Amino acid sequence: MKSLRRKSWVVGITGASGSIYGVRLTESLLSLGYDVQLIISNAGWRVLKEEMGFQTGNREEVLAEKFGGYEGRVIYHPISDIGATIASGSYLVEGMIIMPCSMGTLSSVAHGSSDNLMGRAADVMMKEGRPLVLVPRETPLHAIHLENMLALAKLGVKIIPAMPAFYYGPKTIDDIVNFLVGKVLDSLRIEHQLYTRWGE
């Protein structure tokens, strides 16, 4: 029997600088026809307001306005909703990306604290063997940051730091953002046309 389940990815946006990365990732997945189960930390909402001008009073209305009109749809989960569908391993999703990922969230995931929905959803990905990608955005990095990344990498979590490349000749901030989002999609074997590949 053909499955009627809509394919979806969990996307987490934290309070690290670089909220545009998470927004572009969400737009890209929606445009490819995936649903996005979206979690935004309280600090993430603050950064969306500061960096991208989001009016965060009515959060669901803001998201509907920003992400409406795509083939895929956004399902928003408040970070305190530990009883959300994505907190359970029996709820099927393709995987999860936290982009950008703060060092606090990275530490929470590395130590399995699961004290909010972001941490719990990431924990579910690891225990169920589903793809989990973290995009840390911090510099410089101290030993605790690096040890936490190493611990997660040993568990099969993909760590893709927000490091731009320049071999493809970026001319705008959008080019740089698209490159990094494209690298995340590449790691998940999701086809896209966000940047020009080497040799093309």
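Is K66 buried, exposed or partly exposed? With a relative accessibility of 32%, K66 counts as partly exposed, since the buried class ends under 20% and the exposed class begins over 50%. The structure in which K66 sits is a predicted model, and this report describes its sheet, cores, salt bridges and aromatic pairs.

## The sheet

Six strands make up an open sheet with parallel pairing, in the order β3-β2-β1-β4-β5-β6. Its edges are formed by β3 (74-78) and β6, each of which pairs on one side only. Towards the β3 edge, β2 and β3 run parallel and are joined by five bridges; I39 stands opposite H77 in β3.

Strand β4 pairs with β1 in the parallel sense over three bridges, and with β5, again in the parallel sense, over four bridges. Residue I97 appears in both pairings: I97 is the bridge partner of V11, and V133 in β5 is the bridge partner of I97. Burial in β4 extends to six of its six residues. On one side M96, I98 and P100 are buried, and on the other I97, M99 and C101 are buried, which leaves both faces of the strand covered.

## The nonpolar cores

The largest nonpolar core comprises 32 residues, and those with the most contacts inside it are L25, L29, L38, I97, M99, V135 and V184. At least two residues of this core come from each of β1 (8-13), α1 (19-31), β2 (35-40), α2 (42-52), α3 (59-67), β4 (96-101), β5 (132-136) and α7 (173-187). A further core of 24 residues lies apart from it and includes A84, A87, V109 and V157. In soluble globular proteins, nonpolar side chains tend to be buried together.

The surroundings of L25 illustrate how the larger core is assembled. Setting aside neighbours within four places in sequence, L25 is in contact with V11, I97, M99, V181, V184 and L185.

Helix α7 has 15 residues and reaches 22 Å from its first C-alpha to its last, close to the 21 Å expected at 1.5 Å a residue. Its buried residues are V177, N178, F179, L180, V181, G182, V184, L185, D186 and S187. The elements that cover these buried residues include α1, β4, β5 and β6 (158-159). After α7 comes R189, whose phi is positive, near 60 degrees.

## Salt bridges

Nine salt bridges are found in the whole structure. Three of them are listed here with the distance from N to O.

| Salt bridge | N to O distance |
|---|---|
| R24 and E27 | 3.3 Å |
| E27 and K66 | 3.4 Å |
| E50 and R46 | 3.2 Å |

R24 and E27 are both buried. They are three residues apart in helix α1, and therefore separated by about one helical turn. E27 has a relative accessible area of 14% and is therefore buried. The bridge from E27 to K66 links distant parts of the chain, with E27 in helix α1 and K66 in helix α3, 39 residues apart. R24, E27, K66 and D174 are linked in a network of salt bridges.

The pair of E50 and R46 lies in helix α2, where the two residues are four apart and hence about one helical turn from each other. Both of its members are exposed: E50 has a relative accessible area of 54%, and R46 stands at 56%. An α-helix has 3.6 residues a turn, so residues three or four places apart point the same way.

## Aromatic pairs

The structure holds eight aromatic pairs. The rings of W9 and Y34 have centres 6.3 Å apart and planes at 80 degrees, so this pair is edge-to-face. Because W9 lies in strand β1 and Y34 in the loop between α1 and β2, the pair ties together parts that are 25 residues apart in sequence. W9 and Y34 are both buried.

Y167 and Y168 form another pair, with ring centres 5.8 Å apart and planes at 75 degrees; the arrangement is therefore edge-to-face. Y167 is partly exposed, with a relative accessible area of 43%, whereas Y168 is buried at 17%. These two residues belong to one aromatic cluster together with F179, Y195 and W198. Within that cluster, F179 is one of the buried residues of α7.

Definitions and conventions. Residues are numbered from 1 along each chain as its sequence is written. This is a predicted model: local features need pLDDT of at least 70, side-chain atom pairs count only at pLDDT 80 or more; totals for chains, interfaces and linings use all residues. Side-chain values use heavy atoms; hydrogens and water are left out. A nonpolar core is a set of buried Ala, Val, Leu, Ile, Met, Phe, Trp, Tyr and Cys residues joined through side-chain atoms within 4.5 Å. Buried means under 20% relative accessible area, exposed over 50%, partly exposed in between (1.4 Å probe, protein chains only). Contact means heavy atoms within 4.5 Å. A salt bridge is a side-chain nitrogen of Lys or Arg within 4 Å of a carboxyl oxygen of Asp or Glu. The expected span of a helix is 1.5 Å times one less than its number of residues. Two strands pair if DSSP finds at least two bridges between them. Rings of Phe, Tyr and Trp (its six-membered ring) pair if their centres lie within 6.5 Å; planes under 30 degrees apart count as stacked, over 60 as edge-to-face and the rest as tilted.
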